[in-house]
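The report below works through a single chain, beginning with its charged pairs and moving on to individual residues and the surface. Please read it alongside the sequence and the structure shown here.

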Amino acid sequence: QKDAVSSSLQLEDLLDVKDSVGKWEPAIVIGTREADVHVHYINWDSRYDEWISRESDRLATFRQHTNGPVGQLFPEPYGSGARASVGDVIGCLWDRVNGRVVFTLNGKSLGLAYANVTGRYYPAVTLHGPDIRVSVNFGQNPFRFQPENDGRVQAALNCVRHNTPPAFLRGDEKHTPSSINTVTPSSQV
């Protein structure tokens with residue numbers, strides 16, 4: 001059944017779109033004509049952009065068929081509008097003990113990004129656009145901007161560089177073994 005909102009879609013409207021294999025995905029309108037809309041699937045390469053008839057049952061109100069906050073793509077604005085530029089350093093710290101993730105821009109915290117993050121995750125970087133390059137440092141080299149006020153983070157990073165267990169795992173300090181979870185700069189994050 002056709003969603004009534006498809007007739008009123010305008011540039012930059014968010015919507016749900018059923019892709020070519022029948023899965024609903026969040027998308028944004030990037031072009032309009034009287035009879036159809038040009039959609040871009042969020043976080044997809046632009047080669048998948050397509051024109052879809054406004055009469056199609058593949059168009060639906062945003063978040064009618066996809067998960068996430070209603071009316072917006074992300075839960076809330078993050079980082080006070082800070083934007084990274086060429087040469088900037090984006091940092092990420094996952095406090096596994098307390099389940100918090102914080103991003104930094106050139107060493108300055110952008111605030112709490114996520115809470116209650118548990119389980120096993122693997123680091124990844126997603127790039128969109130031609131000729132984009134990044135370098136990634138999981139602690140194998142000194143950080144340009146050090147994490148603020150946490151000696152355990154520094155101790156764990158030094159151990160990664162020198163292939164030795166941190167003092168709080170050797171018993172040299174009075175910390176619980178879970179303290180190492182404050183940072184795990186390895187492929188097993």
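## Salt bridges

By the distance rule applied here, a side-chain nitrogen of Lys or Arg within 4 Å of a carboxyl oxygen of Asp or Glu, the count comes to four salt bridges. The model is a predicted one, and the distances that follow should be read with that in mind. Side chains of opposite charge can pair when their charged atoms come close.

Three of these pairs can be described individually. Glutamate 25 is joined to lysine 23, with 3.0 Å between the closest N and O atoms; glutamate 25 is buried at a relative accessible area of 12%, whereas lysine 23 is partly exposed at 49%. Arginine 33 pairs with aspartate 36, the closest N and O atoms being 2.9 Å apart, and here arginine 33 is partly exposed at 44% relative accessible area while aspartate 36 counts as buried at 15%. Glutamate 50 and arginine 58 meet through their side chains at 2.7 Å, N to O, and glutamate 50 is partly exposed, with a relative accessibility of 23%.

## A buried aspartate without a salt bridge

Which side chain of opposite charge is nearest to aspartate 16, and how far away is it? The nearest is that of arginine 63, at 5.2 Å, and aspartate 16 is buried yet has no salt bridge. Because a salt bridge requires the nitrogen and the carboxyl oxygen to be within 4 Å, the separation of 5.2 Å from arginine 63 does not qualify.

Aspartate 16 belongs to strand 1, which covers residues 14–18. A polar atom of the aspartate 16 side chain does lie 2.9 Å from the backbone nitrogen of glutamine 64. Setting aside residues up to four places away in sequence, aspartate 16 touches a list of residues that includes Trp24, Glu25 and Pro26, as well as Arg58, Phe62, Arg63 and Gln64. Two members of the salt bridges described above are thus among the contacts of aspartate 16, namely Glu25 and Arg58, of which glutamate 25 is paired with lysine 23 and arginine 58 with glutamate 50.

## Strands 2, 3 and 6

Glycine 31 is found in strand 2, residues 24–32, and is buried, with a relative accessible area of 9%. Its C-alpha atom is separated by 7.8 Å from that of glutamine 10, which is 21 residues apart from glycine 31 along the chain. Not counting residues up to four places away in sequence, glycine 31 touches Leu11, Val37, His38 and Trp51.

Aspartate 36, the partner of arginine 33, is found in strand 3, residues 36–41. With the same exclusion of residues up to four places away, aspartate 36 touches Trp51, Ile52, Ser53 and Arg54, so that Trp51 is a contact of both aspartate 36 and glycine 31, where contact means heavy atoms within 4.5 Å.

Cysteine 92 is found in strand 6, residues 90–95, and counts as exposed at 53% relative accessibility. The C-alpha atoms of cysteine 92 and phenylalanine 103 are separated by 4.5 Å, although these residues are 11 apart along the chain. Beyond its neighbours within four places in sequence, cysteine 92 is in contact with Val101, Val102 and Phe103.

## Positive phi angles in two loops

Most residues other than glycine have a negative phi, and most peptide bonds are trans. Asparagine 43 has a positive phi near 65 degrees; asparagine 43 is placed in the loop between strand 3 and strand 4 (50–53) and is exposed, at 61% relative accessibility. Asparagine 106 likewise has a positive phi, near 50 degrees, and lies in the loop between strand 7 (100–105) and strand 8, where asparagine 106 counts as partly exposed at 27%.

## Surface and overall organisation

A nonpolar patch on the surface is formed by Val125, Leu127, Ile132, Val134, Val136 and Phe138, which together have about 480 Å² of accessible area. Valine 134, one of these residues, is found in the loop between strand 8 (108–114) and helix 1 (151–162). For the chain as a whole, about 13,000 Å² is exposed, with carbon and sulfur atoms supplying 51% of it.

The secondary structure comprises two helices and eight strands, in the sequence order β-β-β-β-β-β-β-β-α-α. Of the 189 residues, 27% count as buried. Among contacts between residues at least 6 apart in sequence, 37% join residues at least 24 apart.

Key. Residues are numbered from 1 along each chain as its sequence is written. This is a predicted model: local features need pLDDT of at least 70, side-chain atom pairs count only at pLDDT 80 or more; totals for chains, interfaces and linings use all residues. Side-chain values use heavy atoms; hydrogens and water are left out. Helices (H or I, at least four residues) and strands (E, at least two) are DSSP runs, numbered from the N terminus. Buried means under 20% relative accessible area, exposed over 50%, partly exposed in between (1.4 Å probe, protein chains only). Lys and Arg count as positive and Asp and Glu as negative; His and the chain ends are not counted. A polar contact is a pair of N or O atoms within 3.5 Å; within protein, one must be able to donate a hydrogen and the other to accept it, and residues adjacent in sequence count only if both atoms are side-chain atoms. Patches are made of residues with over 30% relative accessible area and no salt bridge: like charges are joined within 9 Å, nonpolar side chains (Val, Leu, Ile, Met, Phe, Trp, Tyr) within 5 Å. Accessible areas come from the Shrake-Rupley method with a 1.4 Å probe; for residues, only the protein chains shown count as cover.
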